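I opened the model to work through a short list of lookups. The entries below follow the order in which I went through them.

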Amino acid sequence: MIEKVAEVILKSRHLIALTGAGISAESGIPTFRGPKGLWKRYRPEDLATPEAFARNPKLVWEWYAWRINLVLNAKPNPAHYALAELEKMNLLKMLITQNVDDLHERAGSKKIVHLHGEILKVVCTRCEYEARLNAPPKEIPPKCPVCQALLRPGVVWFGEPIPPAALSLAFSEAEMADVILVVGTSGVVMPAGQIPYIVKSHGDIVIEINIQESAITPIADFFIKGRAGEILPRIVDEIKRKIGCF
Ligand code: APR
């Protein structure tokens, strides 16, 4: 299967990838819906919604400060590096991620669409101020240095729209793709979960890597059961072998 998938990727005209929390799981960042998933310990409604933030900004920020710390102390894993390598080989044309961490960037990927925003970004709830964090905020909840209003994490909360530019770029990439590599997502959250279905709808190829079946598996032409950190590097090695890199 790895050999066949490597061949499909090598022959692709416009390969894209869709990643979810599973690709960062091996970096120590908990997924959302797995057995020890983040949502198991907290109800999304209590934390990741505009209403929760309005009701209790301190609680929401305590949770995000904890997750920011996790991200800052995490390292990209071999799966992140493998996707960055596919981009460097000019095979991967776009990486669409639901993840708000910066591990794809830190692994060297450049062409990235963050559908759900970025946890290291903070934006003012009133003025245009925004900034990138390189440490958790000193005060909780943090205030805007320009207008003193509350700052909020630069992520998309449940019930909020996906940033239009990110959404249209992701969808146009899905229209152009002849192969999509879906890695570490349960595929249950929309509109991200629609992206593999768009590729499938124009008769193109869906490759899925996951430790278990997901909402995408029914349309996957190839389903490779396994850890992204193990499978993706093997696919890249097989591609290199085929092009005689070693
Ligand atoms: N390798 C590959 N897949 C893995 C691994 C791994 N090492 N570990 C876990 N997985 C898979 C799980 O089997 C699951 O299918 O990753 C997926 C994680 O699913 P979720 O926790 O639902 O995460 P995700 O699909 O990214 O959630 C989408 O939901 O809560 C919102 O905004 C949040 O972006 C998130 C969105």
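**Entry: cut-offs for burial.** I call a residue buried when its relative accessible area is under 20%, exposed when it is over 50%, and partly exposed in between. The coordinates are a predicted model, and I read them as such.

**Entry: Asn77 and the start of α7.** I looked up Asn77 and found it in the loop between α6 (57–73) and α7. Is Asn77 buried or exposed? Its relative accessibility is 4%, so Asn77 counts as buried by the cut-off of under 20%. I then listed its contacts, leaving aside neighbours within four places in sequence, and got Ile23, Ser24, Glu26, Ser27 and Gly229. I also checked the side chain of Asn77: one of its oxygens reaches to within 2.7 Å of the backbone nitrogen of Ala79, at the start of α7.

**Entry: α7 and what follows.** Which residues of α7 are buried? I noted Ala79, His80, Ala82, Leu83, Ala84, Leu86 and Glu87. After α7 comes Asn90, with a positive phi near 60°. I placed Asn90 in the loop between α7 (78–88) and β2 (92–97). Asn90 is not a glycine, which I wrote down beside its phi. Its relative accessible area is 48%, so I entered Asn90 as partly exposed.

**Entry: the other positive phi.** I logged Gln148 as a non-glycine residue with a positive phi of about 70°. Gln148 sits in the loop between β5 and β6.

**Entry: cis peptide bonds.** I went through the omega angles next. The bond joining Ile140 and Pro141 is cis, with omega about 0°. Pro141 is in the loop between β5 (130–132) and β6 (151–155), and Gln148 lies in the loop between β5 and β6 as well. I also recorded a cis bond from Met190 to Pro191, with omega near 0°. I located Pro191 in the loop between β7 (179–183) and α10 (195–201).

**Entry: domains.** The domain assignment gives domain 1 (1–28 + 76–116 + 162–246) and domain 2 (30–73 + 120–155). I took the distance between their C-alpha centres, which comes to 27 Å. The contact between them takes 12 residues from domain 1 and 11 residues from domain 2.

**Entry: ligand shell.** I counted 22 residues around the ligand. Which of them come nearest? I have Phe32, Arg33, Thr185, Ser186 and Asn210. By class, I sorted the shell into eight nonpolar, 11 polar and three charged residues. Domain 1 and domain 2 each supply at least three residues of the shell.

**Entry: ligand oxygens.** I looked for N or O atoms of the protein at the ligand's oxygen atoms. In the side chain of Arg33, an N or O atom is 2.6 Å from a ligand oxygen. For the side chain of Thr185, I read 2.7 Å between an N or O atom and an oxygen of the ligand. At Gly184 the partner is a backbone N or O atom, 3.2 Å from a ligand oxygen. I then took the areas: the ligand alone exposes 730 Å², and the protein buries 93% of that.

**Entry: Leu10.** I found Leu10 in helix α1 (residues 2–11). Its relative accessibility is 28%, so I entered Leu10 as partly exposed. Leaving aside neighbours within four places in sequence, Leu10 is in contact with Leu91, Ile239, Lys242 and Ile243. I also took the pair Leu10 and Val236: they are 226 residues apart in sequence, and their C-alpha atoms are 10.0 Å apart in space.

**Entry: Glu118.** I looked up Glu118 last and found it in strand β4 (residues 117–124). Is Glu118 buried or exposed? Its relative accessible area is 15%, so Glu118 goes down as buried. Not counting residues up to four places away in sequence, I listed Val100, Glu105, Arg132, Gly154 and Val155 as touching Glu118.

Methods. Residues numbered from 1 in each chain as written. Predicted model: local features only at pLDDT ≥ 70, side-chain atom pairs only at ≥ 80, totals over all residues. Heavy atoms only, no water. Near = heavy atom within 4 Å. Polar contact = N/O pair within 3.5 Å; in protein donor to acceptor, adjacent residues only side chain to side chain. Areas by Shrake-Rupley, 256 points an atom, 1.4 Å probe, with all protein chains shown as cover. Nonpolar A, V, L, I, M, F, W, Y, C, P; charged D, E, K, R; others polar. Domains from an automatic or database assignment. Helix = DSSP H or I, 4+ residues; strand = E, 2+ residues; numbered from the N terminus. Buried < 20%, exposed > 50% of the residue type's maximum accessible area, 1.4 Å probe, protein only. Contact = heavy atoms within 4.5 Å.
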